[in-house]
Amino acid sequence: QVQLVESGGGLVQAGGSLRLSCAASGHTFGNYDMGWFRQAPGKEREFVARIRWRALTTSYADSVKGRFTISRDNAKNTVYLQMNTLKPEDTAVYYCAPALGTRAAPGFGSWGQGTQVTVSS
């Protein structure tokens, strides 16, 4: 199983930027597709972005396409989410996890504590 620690969240004004990090341990990080997910108050957790483990191809939710960029450093067991042109509707707790398509990979372990992103208007 993989252990995950997210960081980098904070309070930012609309139009601002943040860079989230997710440090993974406990398994061979480089063998997993990795994804970012988010959960806003009162809403279901939703897919944000994914990066493949080998080809490093990426995919994004329509709501963040063109504003967010996912990347990874397999040597550091870390995945990143660069978030630009933030909007108030991006406010949520952000989580990373091994991904299968647009879902968290079944049986990957437990979600980390997440990192809070708050975008003020």
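How many bridges join β4 to β9, and in which sense do the two strands run? In this predicted model, six bridges join β4 to β9, and the strands run antiparallel. Within this pairing, Gln39 stands opposite Val93 of β9.

Strand β9 takes part in further pairings. Three bridges connect β9 to β11, again in the antiparallel sense, and Tyr94 is found opposite Thr115 of β11. With β10, strand β9 pairs over two bridges, likewise antiparallel; here Ala99 stands opposite Ala104. The connection between β9 and β10 is a hairpin with two residues between the strands, and Gly101 in the turn has a positive phi of about 65 degrees. Because eight of its nine residues are buried, β9 is largely enclosed by the rest of the structure.

A further element is an open sheet of four strands, in the order β1-β3-β8-β7, with antiparallel pairing. Its edge strands are β1 (3-7) and β7 (68-73), each of which pairs on one side only. From one strand to the next, the twist averages 15 degrees. At one edge, β1 and β3 pair in the antiparallel sense over five bridges, with Val5 opposite Ala23 of β3. At the other edge, β7 is joined by six bridges to strand β8 (residues 78-83), and these two strands run antiparallel; Thr69 stands opposite Gln82 of β8. The side chains of β1 alternate along the strand. Leu4 and Glu6 point to one face and are buried, whereas Gln3, Val5 and Ser7 point to the other face and are not buried.

A search of the whole structure finds one disulfide. The bond is formed by Cys22 and Cys96, whose sulfur atoms are 1.7 Å apart. The torsion about the S-S bond of Cys22 and Cys96 is about 45 degrees, and the disulfide is therefore right-handed. Since Cys22 belongs to strand β3 (residues 18-25) and Cys96 to strand β9 (residues 92-100), the pair ties together parts that are 74 residues apart in sequence. Cys22 and Cys96 are both buried.

Aromatic side chains provide further links between elements of the model. A pair of aromatic rings is described by the distance of the centres and the angle of the planes. Four aromatic pairs are present in the structure. In one of them, the rings of Phe37 and Phe47 have their centres 6.1 Å apart and their planes at 70 degrees; planes over 60 degrees apart count as edge-to-face, so the pair is assigned to that class. As Phe37 lies in strand β4 and Phe47 in strand β5, the contact between the rings ties together parts that are 10 residues apart in sequence. Phe37 and Phe47 are both buried.

Phe37 also forms an edge-to-face aromatic pair with Trp111, at 5.5 Å centre to centre and with 85 degrees between the planes. Because Phe37 lies in strand β4 and Trp111 in the loop between β10 (103-104) and β11 (115-120), this pair ties together parts that are 74 residues apart in sequence. The two partners can be described by their accessibility: Phe37 is buried, with a relative accessible area of 4%, whereas Trp111 is partly exposed, with a relative accessible area of 30%. Ring pairs link Phe37, Phe47, Tyr95, Phe108 and Trp111 into a cluster.

Arginine side chains are positioned over aromatic rings at two sites, described here in turn. Arg45 lies over the face of Trp111, at 3.8 Å from the ring centre. Trp111 thus has a place both in the aromatic cluster and beneath the Arg45 side chain. Arg19 lies over the face of Tyr80, at 4.0 Å from the ring centre.

The loop between β4 (34-39) and β5 (46-51) contains Glu44. Is this residue buried or exposed? At 70% relative accessibility, Glu44 counts as exposed, because the cut-off for that class is over 50%. Leaving aside residues up to four places away in sequence, Glu44 touches Arg38 and Gln39. Gln39 is also the residue that stands opposite Val93 in β9.

Notes. Residues are numbered from 1 along each chain as its sequence is written. This is a predicted model: local features need pLDDT of at least 70, side-chain atom pairs count only at pLDDT 80 or more; totals for chains, interfaces and linings use all residues. Side-chain values use heavy atoms; hydrogens and water are left out. Buried means under 20% relative accessible area, exposed over 50%, partly exposed in between (1.4 Å probe, protein chains only). Contact means heavy atoms within 4.5 Å. A disulfide is a pair of cysteine sulfur atoms within 2.5 Å. Rings of Phe, Tyr and Trp (its six-membered ring) pair if their centres lie within 6.5 Å; planes under 30 degrees apart count as stacked, over 60 as edge-to-face and the rest as tilted. A charge sits over a ring if NZ of Lys or CZ of Arg is within 6 Å of the ring centre and within 35 degrees of the ring normal. Two strands pair if DSSP finds at least two bridges between them. Axes are lines fitted to C-alpha atoms, for helices over the stretch in contact, and angles run from 0 to 180 degrees between N-to-C directions.
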